[in-house]
Amino acid sequence: MKRRYNFVWYRPASKHEDLVSLLTDDDGHYYPTGIPPLKVSWKHIAHMRKVAQEILAPQYAKILEKTAAPFLQVIYDVRAEQIVFGRIALNGRRCLCW
């Protein structure tokens with residue numbers, strides 16, 4: 001039996017510069033609603049791994065190094081006229097999810 005693991009690394013990104021670059025593949029195609037997993041630029045993956053080596057525990061950095069094709073999922077800010085609905089409240093911020 002093989003096991004699969006999921007890990008998430010939340011990292012903030014500026015909307016106008018970083019995010020556009022992160023959502024653009026190596027061929028220059030921009031994916032404004034989310035980049036397909038195998039289209040994430042290798043320069044961004046290399047940078048992610050470098051930062052991981054600098055700031056994360058060695059065990060986590062090793063996981064990122066061994067992950068062949070990490071994917072990127074953007075989490076956007078949402079503005080709502082109403083944020084409380086009975087016993088439910090909306091809350092969040094824009095992050096990158098590696």
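A residue counts as exposed when its relative accessible area is over 50%, as buried when that value is under 20%, and as partly exposed in between. With this in mind we can walk through the structure, which is a predicted model.

The walk begins in helix 2, where K50 and E54 both lie, 4 residues apart, or about one turn of the helix. Their side chains meet in a salt bridge, with a distance of 2.7 Å from N to O. E54 has a relative accessibility of 52%, and therefore it counts as exposed, whereas K50, with a relative accessible area of 49%, is partly exposed.

The count of salt bridges comes to 2, and another of these pairs is K39 with D25, whose closest N and O atoms are 3.9 Å apart. This pair links distant parts of the chain, since K39 and D25 are 14 residues apart, although each of them is placed in the loop between helix 1 (18–22) and helix 2 (42–55). How buried or exposed are the two partners, K39 and D25? K39 has a relative accessible area of 35%, so this lysine is partly exposed, while D25 has a relative accessible area of 7% and is therefore buried.

From charged side chains we turn to nonpolar ones. F7, Y60 and I63 together make a nonpolar surface patch of about 290 Å². Among these residues, Y60 has its place in helix 3, which covers residues 58–66, and because its relative accessible area is 55%, Y60 counts as exposed.

How values were computed
Residues numbered from 1 in each chain as written. Predicted model: local features only at pLDDT ≥ 70, side-chain atom pairs only at ≥ 80, totals over all residues. Heavy atoms only, no water. Salt bridge = Lys/Arg side-chain N within 4 Å of Asp/Glu carboxyl O. Helix = DSSP H or I, 4+ residues; strand = E, 2+ residues; numbered from the N terminus. Buried < 20%, exposed > 50% of the residue type's maximum accessible area, 1.4 Å probe, protein only. Patch = residues over 30% accessible without salt bridge, like charges linked within 9 Å, V, L, I, M, F, W, Y side chains within 5 Å. Areas by Shrake-Rupley, 256 points an atom, 1.4 Å probe, with all protein chains shown as cover.
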